[in-house]
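Here is a friendly tour of one protein model. Have a look at the structure first, and then read on.

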Amino acid sequence: MSDPRTVSNASVSAFDLKKKVLRLEALYDISRSVANARDETVLAEEALSRTVPVLDAGGGFCAVFEDRGQSGSVSAVGLHPPPAIVSVLSDPFVLDVCRTNDPVRRGETRLLNVEVRSAAGIPLRAPSGEVLGVLSVFDKESRGGGSASFEVEDLRFLASVAALVSPALGALRQIRALAEDVDRLREENRALKGSLRAGDLLVGDSAPMRRAKELIGRAAASRASVLIRGESGTGKELAAKLLHAGSPRREGPFIAINCAAVPESLLESELFGIERGVATGVEQRLGKFELASGGTIFLDEIGDTPLPIQAKLLRVLQERVVERLGGRQPVPVDVRVVAATHADLMEEIRRRRFREDLFFRLRVVEIQLPPLRERKEDIPRLAAHFLARIAEREGRHLSLTRSAVAELLRYSFPGNVRELENLLEGSAALVAGDLIDAGDLQFSLAPVAAAGLAAHDLASIEREHIRQVLVSVGGNKSRAARMLGINRRTLYRKNVT
Ligand SMILES: Nc1ncnc2c1ncn2[C@@H]1O[C@H](COP(=O)(O)OP(=O)(O)O)[C@@H](O)[C@H]1O
Ligand SMILES: [Mg+2]
């Protein structure tokens with residue numbers, strides 16, 4: 001009779017060999033799917049579905065934790081329904097697993113709120129050490145039926161699976177992060193191109209426009225404060241954006257604030273920010289100066305800034321620090337300041353409505369954008385530029401008849417380039433074909449009447465224009481201001497009644 005132990009040893013080793021082959025095959029399969037996986041969940045499912053049978057487990061789960069707005073997922077075998085990611089994340093056994101680098105095993109324990117006879121698990125860690133998920137199995141079955149505990153060999157297998165799957169998970173995440181970055185950069189690029197397409201550059205070859213463009217080009221490179229002057233609609237904001245786009249700070253933010261449109265009581269916190277707890281429930285808020293850090297702040301309608309705020313602006317310009325409302329520490333800011341106004345600041349200074357010291361701080365470089373009626377030679381080019389833009393947007397071909405151009409040249413454009421742009425938008429919307437004729441131009445002020453007025457009487461043209469707009473909106477000043485592209489405070493100042 002042969003020794004029963006020998007027989008049993010021989011069969012055990014044959015069994016062991018078969019088991020080893022099965023495990024190697026499983027690892028081979030997993031490694032192949034790792035190479036092709038495009039998706040974390042698919043990868044987790046693959047790893048789990050190979051692992052559970054090879055380890056003779058009654059069930060198991062593979063959780064991939066949430067990342068960058070992805071909510072995470074759990075694949076499960078032998079758990080009905082599959083556990084939610086939150087219950088996995090709060091399970092004490094899972095938490096123990098996440099704390100280690102090595103596989104963990106237990107005898108009888110609770111796992112996901114059920115009693116299991118045995119459990120084993122391993123964290124899926126990125127090379128950085130970050131836990132990306134866990135792989136866990138439970139209820140090991142012994143060969144003859146009944147339960148057993150997970151062995152050292154089983155844990156080695158789990159470790160091998162984790163070693164295959166974790167880098168792939170990490171790589172998938174990195175790819176997703178990169179794809180997101182690419183999307184974001186594309187979006188930013190599109191936005192930049194949208195706001196700064198060649199077509200959006202300052203159009204105009206008249207002598208004053210050439211001078212303005214040349215000044216913008218030179219001033220852009222420096223950090224000197226620039227004051228842009230010109231009537232409403234002459235392109236001040238566009239010029240400010242070009243100053244920023246041409247500057248070494250172009251990668252930084254361009255932050256605009258209209259000092260006339262923000263109510264005086266809010267202007268200070270808008271500009272300089274507010275410390276948390278200034279009043280009950282007040283959260284800290286950054287002001288535009290801090291938001292513009294590393295970039296450019298555009299202070300539009302600077303002439304309408306109330307005197308107390310002017311004093312604070314002066315301090316910011318002199319000392320390059322801002323004080324948040326209710327803040328104790330001045331905060332340094334690195335900001336290039338571009339201001340704009342339609343007002344005659346010298347006159348405002350004389351009337352003591354504008355600080356002279358602030359004026360000189362702001363006006364290190366001054367760029368003057370002349371009204372359109374003083375550079376009528378720019379009108380045909382501007383018109384062609386706007387029409388081309390409308391046509392491109394709408395997939396049309398648009399052009400002006402000769403008499404339409406003549407009509408444009410006769411008009412005074414109290415609303416300047418903005419008015420020309422709006423006029424063409426309106427006409428393009430009305431004509432069915434490609435040609436815009438004189439009769440299609442809906443001037444808000446009769447061109448003949450405007451042309452009939454003497455050039456020195458521009459103020460009266462403006463007043464008349466405002467009056468007509470006011471009548472057309474039934475005296476509603478907010479709406480009139482919006483139509484005229486000026487703000488209400490400016491409208492009140494015009495004293496048109
Ligand atoms: N020289 C120009 N070339 C092209 N577009 C211009 C020009 N000047 C002004 N615009 C356009 O006219 C509109 C009004 O310009 P904006 O910069 O807002 O004027 P402002 O700030 O002086 O009121 C904007 O749509 C702007 O793009
Ligand atoms: Mg403006």
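## Around the ligand

Of the 16 residues around ligand 1, those that come nearest are Val203, Gly235, Lys236, Glu237 and Val417; a residue is near a molecule if its C-beta atom, placed from the backbone, lies within 6 Å of it. Three helices give two or more residues each to this shell; helices (H or I, at least four residues) and strands (E, at least two) are DSSP runs, numbered from the N terminus.

| Helix | Residues |
|---|---|
| H7 | 236-245 |
| H13 | 379-394 |
| H15 | 416-430 |

This is a predicted model, in which local features need pLDDT of at least 70, side-chain atom pairs count only at pLDDT 80 or more, and totals for chains, interfaces and linings use all residues. Residues are numbered from 1 along each chain as its sequence is written, while chains are lettered from A and ligands numbered from 1 in the order in which they are written.

## The nonpolar cores

Which residues have the most contacts inside the largest nonpolar core? They are Leu43, Ala47, Ala63, Leu135, Val161, Val165 and Leu169, in a core of 44 residues. Such a core is a set of buried Ala, Val, Leu, Ile, Met, Phe, Trp, Tyr and Cys residues joined through C-beta atoms within 7 Å, where buried means that 20 or more other C-beta atoms lie within 10 Å of the residue's own, with C-beta atoms placed from the backbone. Helix H5 gives the most to this core, with eight residues. A second, separate core has 41 residues, including Leu271 and Phe289.

## Helix H10

Arginine 320, just after H10, takes a positive phi of about 55°.

Definitions and conventions
A residue is buried if 20 or more other C-beta atoms lie within 10 Å of its own, exposed if 12 or fewer, and partly exposed in between; C-beta atoms are placed from the backbone.
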